[in-house]
Each structure stands twice: as structure tokens, then as C-alpha cells.
Amino acid sequence: MSPTPVKAPVSPLSTARLAVRPLGMDQVTVTGGFWADWQRRNREVTVPHALGWLERDGSVENLRRLDDGDTGAPHRGLWFSDSDVYKVLEAISWDQGRGSSDGLPAGVGDLIEVVRRAQEPGGYVNSFVQAGFDVRWDNLVKSHELYCMGHLIQAGVAYRRGTGRDELFDIARSAADCVVREFSGGRRKDTDGHPEIEMALVELYRQTGEAAYLQVAQQLVDVRGYGVLKASGHFGPVYYQDATPVREQTTVVGHAVRALYLLSGIVDIYLETGEHALLATALRQVESLTATKTYLNGAVGSRFDGEAFGEEYELPQDLVYGETCATIANIMLAWRLLLATGDGRHADTIERALYNLFSASTSVERTAFFYNNPAHRRSAHAPAPTQGRPQRAEAPGTRPAWFDCACCPPNIMRTVAALGAYVATHTDDGVQVHQYLPAAVDTAVASFAMETRYPLDGAVSVTVTETREETWTLSLRVPAWCRGAAVSVNGETVDVAANARGYLEITRDWRAGDVVELSLPMPMRFTVPHPSVDATRGCVAIERGPVVYCLEGVDQPEDVDLGRVELVVDAPIEESPRDVCGQVVPVATVEAVARDDAGWSRTGWAPLAQQPDTGSRRVRLTAIPYHLWANRGPSTMRIFVPVWGTQPGAGDEPPR
Ligand SMILES: [Zn+2]
């Protein structure tokens with residue numbers, strides 16, 4: 001139980017209520033495959049791309065001119081653009097923590113110096129407020145002052161953990177001390193309209209041992225839910241997470257990112273204080289979220305209006321909002337719940353998010369991004385505007401290169417940079433593997449090498465390289481989608497079933513050189529939605545392992561309209577390898593019926609059993625991994641497809 005924080009975004013104290021303990025990214029090295037490649041591109045391509053955009057869009061200049069005294073110039077971009085700078089600095093810091101780059105990227109030292117010079121002697125820093133566009137601490141419902149400082153604190157903690165250096169950490173701590181002076185001891189009764197600083201303050205507490213940071217985080221949670229933000233207008237208290245005290249909340253409501261950042265901070269506070277009501281509310285809300293408000297691709301937050309969660313089972317496919325940041329926030333929350341409970345369901349949530357929406361949010365070149373993520377696109381057009389804000393498209397019709405509200409790209413970057421921290425955990429009794437990828441894992445209990453092509457196939461090999469003398473347990477997650485998992489040690493089958501938390505446990509006297517082979521069968525499968533989801537009733541999707549598939553227009557016969565197809569689900573799904581955008585992946589070929597609805601003319605409805613005739617013919621359609629869509633120009637796309645035979649008047653046999 002090391003008192004020193006591990007090199008990871010979440011590093012609870014040794015006294016924390018943990019079922020499993022995190023490992024640092026220096027203890028889990030991603031050694032190859034999809035994620036290592038993304039981490040390399042993240043460092044070599046995405047970081048320079050982002051640094052360029054932060055200069056171009058004025059985010060850095062907003063801070064720089066505070067030092068120049070040039071405060072008469074207009075603030076460029078949104079009033080919380082400082083946070084984008086901090087999140088990119090956090091991504092760079094985790095990158096350094098992997099020990100995989102040659103020192104700080106060019107210009108980063110100067111960028112930190114820009115932040116330092118913008119900061120007031122008392123620690124306050126906010127380029128919008130300091131330039132006179134808002135009154136300090138006077139408009140917390142909208143100002144994002146604590147939100148921005150929270151991202152600064154997270155970046156500072158990441159910088160200390162990742163680089164061992166202090167420049168950005170000292171700035172962050174000074175900002176936190178400013179917040180403590182302003183808020184602690186109930187000096188103020190309000191909080192920020194956008195939760196985020198709660199988890200940042202807890203992490204700074206973990207880094208420093210200074211109780212005041214934890215106390216302010218707790219205070220900011222406790223005051224929320226009583227209308228303290230006095231929110232009025234279109235976005236009311238529900239949007240701002242200020243309508244219901246957190247301990248009484250039963251499901252996620254309002255703005256999705258706000259809700260999930262708040263819950264992440266709440267679980268952080270539980271881990272350090274042990275207040276069970278906080279864990280209980282988080283688990284209660286997440287159960288509702290997972291069962292009734294999560295899309296197959298890992299999207300959360302269905303509504304464009306208010307970037308909000310909808311009602312239970314309100315999951316429209318063509319109108320889904322699905323902000324990338326919301327799914328990342330769900331990963332952050334799931335990771336904290338995994339640490340708190342050791343329950344593999346939370347690792348399942350992370351896996352579904354990572355291999356689907358998260359990966360689809362970024363182009364294969366890793367320089368263009370989705371803010372909102374479609375699950376069904378009816379025509380090959382440019383992305384829907386995000387809250388009416390213009391987007392800058394580099395590849396027209398697919399993903400923009402940057403956004404005026406640029407929250408998502410840096411969030412993606414910091415998650416990829418720190419990905420190793422989400423792979424495995426440890427306890428006094430063993431090591432738990434939650435995500436399967438090529439990696440070297442080094443713990444006090446044992447070290448091992450994991451080799452796999454996952455999720456291209458479900459074979460995972462773990463070779464023990466060093467081990468302690470005493471018996472310990474290797475726990476391997478069996479994903480909820482998997483049937484027929486099997487495991488062997490040194491070629492001998494181990495007869496063991498997954499435990500209640502979803503893990504195969506192997507306990508023995510390990511020797512260096514022992515080889516564990518895990519097999520997770522992943523045939524192509526049809527997936528049906530919950531029958532209460534009107535938008536997808538009568539439809540199926542295609543999945544293989546953790547990967548959700550989609551039909552993209554560009555892969556289909558030229559005369560097929562994806563709006564008029566139905567899948568024949570009693571025919572097998574054929575699987576074959578194909579190069580899609582430079583990645584050789586299994587693609588699915590499925591039998592389907594294409595309809596010609598010319599008989600309907602311009603009629604939108606008809607009496608039952610008197611529907612106009614529709615011509616139909618048998619076709620074969622191709623499905624690719626959803627995360628690769630929108631890399632080949634504008635295209636139609638859908639994940640869920642109606643099943644042939646479920647429509648009234650469909651006939652008895654599909655056409656030949
Ligand atoms: Zn975002």
C-alpha cells in the first residue's frame with residue numbers, strides 16, 4: 001500500500017474504501033496493437049494538431065494577453081476556453097508519464113509560462129473574468145470559473161505525476177488555495193453550474209494530503225440540489241444538477257456531462273470519506289443509466305436540447321446527441337465504481353465505450369472529431385450543427401478538425417494518453433485484468449506480459465515473468481457479452497466459472513514462465529434492444545465481441561437505400577477479413593430484403609391489410625465496425641436495422 005500516488009488519473013489514499021487498487025501507467029505499458037498505435041498518434045499527431053488550434057482559436061491568446069495588459073481586446077471563443085488549454089496540458093502530462101516521448105513537446109514550457117503569468121498572485125485565473133467580461137464569482141451558474149480551475153488542478157496533478165516536475169502543479173495548487181479561501185467553511189453557499197472541480201479537488205487532496213481540498217469538494221456537493229444556483233430561463237435547475245440533493249437522486253437527469261462529472265466526484269469523495277450514501281446514490285443512478293439511458297454504442301445523453309438525458313428508454317437513433325465528453329465522463333465514473341466495488345459490470349461499461357463511441361469519435365488519422373455521435377444517418381450530409389455553433393470541417397461531411405466549443409478533442413486526448421491506467425488493478429491477494437490488450441503489467445505481487453489481438457479475436461495469453469513466493473490470484477474479466485469463456489494454465493484446462501463480479505479467478509503458486517491462455521469466443525451475433533425502446537423495436541444490430549457493427553452506405557450495392565432494408569435474421573452472418581481504412585478487420589455479410597416503396601407514392605399511412613404493394617428483393621449487405629465509419633467521405637449509416645417479417649403485411653417468406 002504505497003502512500004505515494006500512482007501515475008494515474010485516480011490515485012486514492014491507502015485508507016480509501018477500495019475493492020481493488022489502481023496501477024500507474026508506468027506499471028501498465030501498452031506494448032502494441034490498436035491502443036499503442038493510437039497513443040503514438042496521439043502524441044505525434046493529435047497533440048501538435050491541438051496546440052495549433054488552441055493558438056488559432058484564441059484560447060492561448062486569451063490567457064497570454066492578460067500578462068500583456070491588453071485587456072481591451074475581445075475574448076475569443078467561449079468563456080470557458082481556458083479549460084481546453086488545461087486539458088491538452090493534462091494529456092501531454094500523461095503522455096510524459098508513460099515515459100514514451102523525448103521530453104515535453106516544443107512550446108509546452110512556454111504555454112505553462114503563459115498560464116503562470118496570467119494567474120493573479122492570489123491564485124485566481126480565468127481569462128474571461130479577468131478581462132472584464134464577467135464579475136468574479138458573481139455568475140457561478142454560467143461562468144464555469146470553478147470548472148476551468150478544476151481542469152487546471154487536474155492538469156497540475158497530472159503534470160506532477162507524469163513528469164515529476166512542479167511548474168504547472170504549483171500554479172494548480174495556488175488556484176486551489178484561492179478556491180479554498182473563497183469557499184471553505186461555508187463562506188459561500190453556492191457552487192459552479194458545471195461540476196468538475198469536485199474530482200479535481202479530491203485528487204489534489206490525494207496528492208498533497210491537505211484536508212481542506214477534500215472538505216471543499218464535499219461542501220460543493222452538499223450545497224447542490226437546493227436551487228442555490230438560482231437557474232432560470234430555458235436551462236433550469238435540472239440541467240445544472242441543482243434540482244435534487246445528490247443523495248436523493250434516483251436516476252441521471254439533465255445535462256449528461258454535468259451529471260456524470262458530478263457523480264465521478266461523488267464516488268471520489270465516498271472513496272476517501274466512506275460515506276456510503278454517496279456510493280449508494282451513484283450505484284442507483286448508474287443502474288438506471290445502464291439499463292434505460294445507454295445506447296448500444298456507449299452513447300449517453302440522447303437529447304440535443306440541453307445536451308441532456310431523456311426519459312427512460314428515450315433512445316432515438318437518428319436524433320441522438322451522444323456527446324463524446326459524456327461517454328468519456330461515463331468511463332471516468334465507471335472506473336471509480338470499479339475501484340470501489342471490483343464489479344466487472346463497470347469494466348464492461350468502459351469496454352463498450354472505448355471500442356465503440358469513443359473510437360468512432362475520432363477519425364482514423366486522429367485529427368478530426370465528432371462532438372455529437374450519430375447512431376443513424378439518413379442522408380450523406382455534413383454533421384448536424386452543435387447547438388447552432390459553427391463547426392470547422394476538415395473532411396466535409398464527416399468529422400470537423402476542431403470546434404468553437406472544443407471540449408471533446410482534449411478529453412479524447414487525455415483519455416488515450418492515460419489508457420494504461422484502466423487496464424488492470426491489484427490487491428494484496430492478486431492482480432485483476434479488466435481490459436485485454438498487449439501490455440506489460442508490473443505489480444508488487446507479480447509481473448506479466450499480456451499478448452492478444454483483441455478485439456480482432458478473443459485469445460489472450462498471459463505469461464508470468466516475475467512472481468512473489470506466496471500464492472496469489474489472477475482474475476480475468478469475462479465480458480457480459482461472452483458465452484463459453486475457457487482458460488488454461490500451461491496447457492491444462494482450469495475448470496472455473498466466472499464469479500459473481502464477472503471474473504475467472506485462478507489461485508496457485510505461480511512460477512515465472514507460467515502461461516495462462518484465455519479464450520473468449522466472439523462469433524458475429526444479432527443483438528435485440530429492450531422492447532421499451534420504441535425507436536428500435538423490431539430491429540436488430542450486429543455485434544462481435546465488444547465491437548458494435550454498422551451498415552455504412554458506401555459498402556452497400558449501389559441501388560440499395562439503407563432506409564428501406566430489412567435483415568433476414570434466420571440466415572447466418574458471414575464473417576470475413578477486409579481492409580477498412582487501413583485496418584484489417586472482420587466484416588459481416590448479412591442477408592437482407594431491400595424494399596421499393598413506390599406503391600406508397602406520397603402517402604404516409606394506410607389502413608391495415610390494405611397497404612400498397614411494395615416490391616422487394618433479396619440483397620446482401622456488409623457491416624463494418626462502427627468505430628471505422630465516416631472515414632470514407634459523407635455516407636449514410638445505421639446500427640439498428642428492422643428485422644424482415646416484423647412489419648404488418650410483410651408476407652410469409654422473404655423474396656428469393
Ligand atoms: Zn465535449
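Biologist: In this predicted model, where is the place of K230?
Modeller: Look past α10 and before α11 (256-273). No helix holds K230 there. Its place is in the loop between α10 and α11.

Biologist: What is the phi of K230?
Modeller: Most residues other than glycine have a negative phi. K230 is not a glycine, yet its phi is positive. The value is about 50°.

Biologist: Is K230 buried or exposed?
Modeller: Exposed means over 50% relative accessible area. K230 has a relative accessible area of 69%. K230 is therefore exposed.

Biologist: E307 also has a positive phi. Is E307 buried or exposed?
Modeller: E307 lies in the loop between α12 (276-292) and α13 (324-341), and its phi is about 45°. Buried means under 20% relative accessible area. E307 has 8% relative accessibility, so it counts as buried.

Biologist: Which peptide bond is cis?
Modeller: Most peptide bonds are trans. Go to the loop between β9 (446-452) and β10 (459-467), where P455 is found. The bond leading into P455 has omega near 5°. The cis bond runs from Y454 to P455.

Biologist: Which residues are the protein donors of the zinc ion?
Modeller: The donor atoms lie 2.1 to 2.3 Å from the zinc ion. One is an OE atom and the others are SG atoms. In sequence the donor residues follow the spacing E-x1-C-x81-C-C. They are E323, C325, C407 and C408.

Biologist: What is the geometry of the zinc ion's site?
Modeller: Four donors count as tetrahedral if all angles lie between 85 and 135 degrees. The 4 donor atoms here make angles of 97 to 118°. The site is therefore tetrahedral.

Biologist: Are E323 and C325 buried or exposed?
Modeller: E323 and C325 are both donors of the zinc ion. Both are buried.

Biologist: How many residues of strand β11 are buried?
Modeller: β11 covers residues 472-477. W472, L474 and L476 point one way, while T473, S475 and R477 point the other way. Residues on both sides are buried, so the strand is largely enclosed by the rest of the structure. The count is 6 of the 6.

Biologist: Which strand runs antiparallel to β11?
Modeller: Strand β7 (residues 430-433) pairs with β11 in the parallel sense over 4 bridges, so set β7 aside. Another strand, residues 503-508, is joined to β11 by 6 bridges. There L476 stands opposite L504. The antiparallel partner is β14.

Biologist: Which are the edge strands of the open sheet of 7 strands?
Modeller: The order is β2-β8-β9-β10-β15-β12-β13, with antiparallel pairing. An edge strand here pairs on one side only. The edge strands are β2 (28-30) and β13 (492-493).

Biologist: Which residue stands opposite V489 in β15?
Modeller: Strand β12 (residues 486-489) and strand β15 (residues 515-519) run antiparallel. They are joined by 4 bridges. Opposite V489 stands V516.

Biologist: How are α1 and α15 oriented to each other?
Modeller: The axes of α1 (residues 33-56) and α15 (residues 408-417) come within 10 Å. They cross at roughly 150°, and the crossing is left-handed. Angles over 145 degrees count as roughly antiparallel. The two helices are therefore roughly antiparallel.

Biologist: What is α8 to α10?
Modeller: Helix α8 (residues 167-183) packs on helix α10 (residues 211-222) at an angle of about 55°, with the axes 10 Å apart. That angle makes α8 oblique to α10.

Note on methods. Residues numbered from 1 in each chain as written. Predicted model: local features only at pLDDT ≥ 70, side-chain atom pairs only at ≥ 80, totals over all residues. Heavy atoms only, no water. Donors = N, O, S within 2.8 Å, 3.2 Å for Na, K, Ca; no water. Tetrahedral: all angles 85-135°; square planar, octahedral: opposite > 155°, others 65-115°. Buried < 20%, exposed > 50% of the residue type's maximum accessible area, 1.4 Å probe, protein only. Pairing = 2+ DSSP bridges. Axes fitted to C-alpha atoms, helices over the stretch in contact; angles between N-to-C directions. Parallel < 35°, antiparallel > 145°, perpendicular 65-115°, else oblique. Left-handed = near helix turned anticlockwise from the far one by under 90°.
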